[in-house]
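User: I am new to this structure and would like a close look at one part of it, followed by a careful account of how that part sits within the rest. Please take me through it step by step.

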Amino acid sequence: MTVVVTVGGVHVSFVQLPESVATCRNLVGGEWLVPRDASLLDVHSPYTGSIIGRVPMTPAEGVAQAVEAARAAAPGWRATPLRERTVLMARFRALLESNLERLSQLAASEAGKTVAEARAGLLKGLEVCDFALSLQNLDTGGGMEVSRGVSCEFRREPLGVVAGITPFNFPAMVPLWMFPIAVTVGNAFILKPSEKVPLTACALGELMVEAGIPRGVFSVVHGGRETVESLVAHPDVRAVGFVGSSAVARRVYAEGSAQGKRVLALGGAKNHLIVVPDADESLTAQAVVDSFTGCAGQRCMAASVLLAVGEVGHILEQVVERASRLEVGPGMGAIIDRASLSRLETAIATAERAGARVLLDGRGKKPAGEKWAGGYWLGPTILDGVSPEMEAAQRELFGPVLSIVRVPTLSAALEVENASPYGNAASVFTTNGAVAQAVVEGARVGMVGVNVGVPVPREPFSFGGVGESKFGHGDITGTSSLGFWTDLKKVTRKWTTRTDGSWMS
């Protein structure tokens, strides 16, 4: 079903919902299966609240079946030369690009994104695929003669069976952060997508099968908490990548690490945008609005707190004005479910009671028309007069809510930022190089932006935070990810005895 709205007198189609209700299946050993004894959970579109799919809650037995198929496939895939693995991944990348529009519509329909946002996530995924494809030329190991008659080298080796547990807010992008690299370096990969957005994961699995990936090398296993716990506990799963809330990330990291697994679990965030008086007014206002409203604020890189340094009222007025013109529906997507919407509305009311002023209230906003009555909508919301100890300044709200904290100096702004237990990202808006450098050096985060509202690094620069935003070592993408998905084997060779050598020969 194509949903059409009227914007400025012009009919605009902004999402195409699935025409029928699909029952998702697991991809196990190259076959699409509904696991035995699995209950089915309804999948609702945030746009309308209507059911667009059903997803199985895979029990431990179904997880074990997928792991066994991956374990059987891993030795053959490991023995496949990197060049040949890359050829298959290149086929997948081409299919991904040719199905870009279909996948964008699908991801938007189940995650509540605008189609443009879903498309942007897929393009970021294509970028990670490009990095994976470059490994055949860039990651060739290393070797040298370290002494007369003695050489040392290193070679990268896959771990075996690895798993990725991904969230609802990026149905395509976050899985694509993981499996193109993990599979290209020789692992058998099991994807456990969020049960709220299983349709896109199935579509990615279909493209991997069409690309010719050997049976068992790529699997999709659906489910909830029991499925995750079974994956993390299975002795044949060597590494687990996770993206989600900090509470669950901490638990996955603790449980996996206790069993000797390699775990990299990315959690939540409370990102700060520092705005100083000399900032470019137009650039700053647009970047701030894009940051806190993009993906309806449901992303770990969204601006949560604006630290207003000194007299920046002229910039804040523009932020409010631009945000007030953003229409939910065609301009900003929906909240993932009713429970999340209720939680956000409660958080706004709590901030009001604590003394914050609502400069812009998004409660009750929705696109025109009865068809949207069942959707989960919240327009851009801006809170002023928020103090650093308030819940709105401390807790990740995960919605289009911006909290303004006023501070007298740049040092005071950095004190507020540094006090946050999260450490994902921070940005500064200024035309002064010294101010920018002070934030680059002083912010306790993994990613910093200068006049950039969403400072996501481009590949091969790696994505990842610090503090409560990341549990484990390394990053999930880019060069840093290679150390997570592989081991380094070091080889030292000596063939003859030399009398003209050093102590080593």
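Analyst: A good place to begin is Pro167, which has a relative accessible area of 13% and is therefore buried, since residues under 20% are counted that way. The model is a predicted one, and what follows should be read with that in mind. Pro167 belongs to the loop that runs between strand β10 (161-165) and helix α5 (173-184). Leaving aside residues up to four places away in sequence, the residues that Pro167 touches are Val174, Ser194, Val197 and Val243. To place this loop against a distant part of the chain, one can take Gly442, which is 275 residues from Pro167 along the chain and whose C-alpha atom is separated from that of Pro167 by 30 Å.

The setting of this loop is a chain of 505 residues, 57% of which count as buried. Its secondary structure amounts to 15 helices and 25 strands. The radius of gyration is 24 Å, close to the 23 Å that the globule rule gives for 505 residues, so the chain is as compact as a globular protein of that length. Along the principal axes, the C-alpha trace spans about 80 × 60 × 40 Å. If one takes the contacts between residues at least 6 apart in sequence, 74% of them join residues at least 24 apart. The accessible surface comes to about 20100 Å², and carbon and sulfur atoms account for 53% of that area. As for charge, there are 47 positive and 49 negative side chains, and the centres of these two sets lie 6 Å apart.

Helix α13 can be described in similar detail. In this helix, which covers residues 410-419, the buried residues are Leu410, Ala412, Ala413, Leu414, Val416 and Glu417. Their cover includes the strands β15 (271-275), β16, β19 (401-407) and β21 (425-429), together with helix α14 (433-442). Within α13, Leu410 touches Ile274, Val276, Val309, Val435, Ala438 and Val439 when residues up to four places away in sequence are not counted. Measured by sequence, Leu410 and Ala69 are 341 residues apart, and from C-alpha to C-alpha they are 55 Å apart in space.

A further helix, α8 (residues 246-258), contains Arg251. With a relative accessibility of 33%, Arg251 counts as partly exposed, because that value falls between the 20% and 50% limits. Arg251 is 120 residues from Phe131 in sequence, and the two C-alpha atoms are 30 Å apart in space.

The cysteines deserve a separate look. A disulfide is a covalent bond between the sulfur atoms of two cysteines. A search of the whole structure finds 0 disulfides. Cys24 is accordingly in no disulfide, and the nearest cysteine sulfur, that of Cys202, is 3.9 Å away, which is outside the 2.5 Å within which a pair of sulfur atoms counts as a disulfide. Cys24 counts as buried, at 3% relative accessibility. For Cys129 the closest cysteine sulfur also belongs to Cys202, but at 18 Å it is too far for a bond. Cys129 has a relative accessibility of 0% and so counts as buried.

Some details of the backbone complete the picture. Most residues other than glycine have a negative phi, and most peptide bonds are trans. Against that background, Cys295 has a positive phi of about 55° although it is not a glycine. Cys295 is placed in the loop between α9 (281-293) and β16 (303-309), and its relative accessible area of 7% makes it buried. Asp37 is another residue other than glycine with a positive phi, in this case near 60°. The loop that holds Asp37 lies between β5 (31-33) and β6 (39-44), and Asp37 is exposed there, with a relative accessible area of 78%. Finally, the peptide bond that joins Glu459 and Pro460 is cis, with omega about 10°, and Pro460 lies in the loop between β22 (447-450) and β23 (466-467).

Note on methods
Residues are numbered from 1 along each chain as its sequence is written. This is a predicted model: local features need pLDDT of at least 70, side-chain atom pairs count only at pLDDT 80 or more; totals for chains, interfaces and linings use all residues. Side-chain values use heavy atoms; hydrogens and water are left out. Helices (H or I, at least four residues) and strands (E, at least two) are DSSP runs, numbered from the N terminus. The radius of gyration is taken over C-alpha atoms; the globule rule is 2.2 Å times the number of residues to the power 0.38. Buried means under 20% relative accessible area, exposed over 50%, partly exposed in between (1.4 Å probe, protein chains only). Contact means heavy atoms within 4.5 Å. Accessible areas come from the Shrake-Rupley method with a 1.4 Å probe; for residues, only the protein chains shown count as cover. Lys and Arg count as positive and Asp and Glu as negative; His and the chain ends are not counted. The place of a charge is taken as NZ of Lys, CZ of Arg, CG of Asp or CD of Glu.
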